[in-house]
Amino acid sequence: MRIALLVSEFNWDVTSRMLEVAQERAEQLHLEISQTCRVPGAFDMPLVADALLRRDDVDGVVTLGAIIRGQTRHDEVISHAVANSLAILSTTHQKPVSLGISGPGTKRHAYARIRPVSERAVEAVLKVSEQIRGMQ
């Protein structure tokens with residue numbers, strides 16, 4: 001299986017580590033990373049995910065990001081918008097897109113979730129892909 005990794009540069013101290021963990025897990029699962037893309041923030045992911053899903057060398061997209069809670073509800077708006085857009089893209093293209101975006105939460109929560117969120121995001125793309133292939 002060929003996957004693309006899509007990582008947010010916002011909160012790079014967290015997301016760069018998420019990228020490393022996702023790469024490690026993909027290697028353990030014998031997945032080929034055909035593309036790695038960086039976007040400014042989580043809100044920017046759907047457009048790039050759409051372009052990646054159109055490619056023949058991408059069977060699924062793993063998104064990686066960390067949304068940190070702030071003084072307003074901006075973080076919740078971003079979280080909902082991104083999750084909804086990625087779900088629509090997955091069903092439109094009939095290819096899995098995982099939601100490896102932690103939060104909204106505190107910076108401490110984001111650090112604590114680096115490994116589990118990143119690993120599950122990679123695993124989810126593989127499992128969903130296998131499920132879809134089993135139905136065809």
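These are my notebook entries on one helix, one glycine and one strand pair in a predicted model.

**Helix α2**

I began with helix α2, which covers residues 45-53, and looked up which of its residues are buried: M45, P46, A49, D50, L52 and L53 are. I then looked down the axis of α2 and found that its buried residues fall within an arc of 165 degrees, so they line one face of the helix. In general, an α-helix has 3.6 residues a turn, so residues three or four places apart point the same way. Next I asked myself what the buried residues of α2 pack against. The list I wrote down holds the strands β1 (2-8), β2 (32-39), β3 (60-68) and β4 (97-105), together with the helix α3 (74-93).

**Residue G60**

From the helix I turned to G60, which lies in strand β3. Is G60 buried or exposed? I noted a relative accessible area of 0% for G60, which counts as buried, since the cut-off for that word is under 20%. Setting aside the neighbours within four places in sequence, I found G60 in contact with M1, R2, I3, A4, P96 and V125. I also checked G60 against P46, which is 14 residues away along the chain, and the C-alpha atoms of the two are separated by 13 Å.

**Strands β3 and β4**

Last, I followed β3 to its pairing with β4, which is in the parallel sense and runs over 7 bridges. Between these strands the chain passes through α3, and I recorded this β-α-β crossover from β3 to β4 as right-handed. For a single position in the pairing I looked up T63, which stands opposite L99 in β4.

Note on methods
Residues are numbered from 1 along each chain as its sequence is written. This is a predicted model: local features need pLDDT of at least 70, side-chain atom pairs count only at pLDDT 80 or more; totals for chains, interfaces and linings use all residues. Side-chain values use heavy atoms; hydrogens and water are left out. Buried means under 20% relative accessible area, exposed over 50%, partly exposed in between (1.4 Å probe, protein chains only). Helices (H or I, at least four residues) and strands (E, at least two) are DSSP runs, numbered from the N terminus. The arc is that of the directions from the helix axis to the C-beta atoms. Contact means heavy atoms within 4.5 Å. Two strands pair if DSSP finds at least two bridges between them. A crossover is right-handed if, with the strands pointing away from the viewer, the path from the first strand over the helix to the second runs clockwise.
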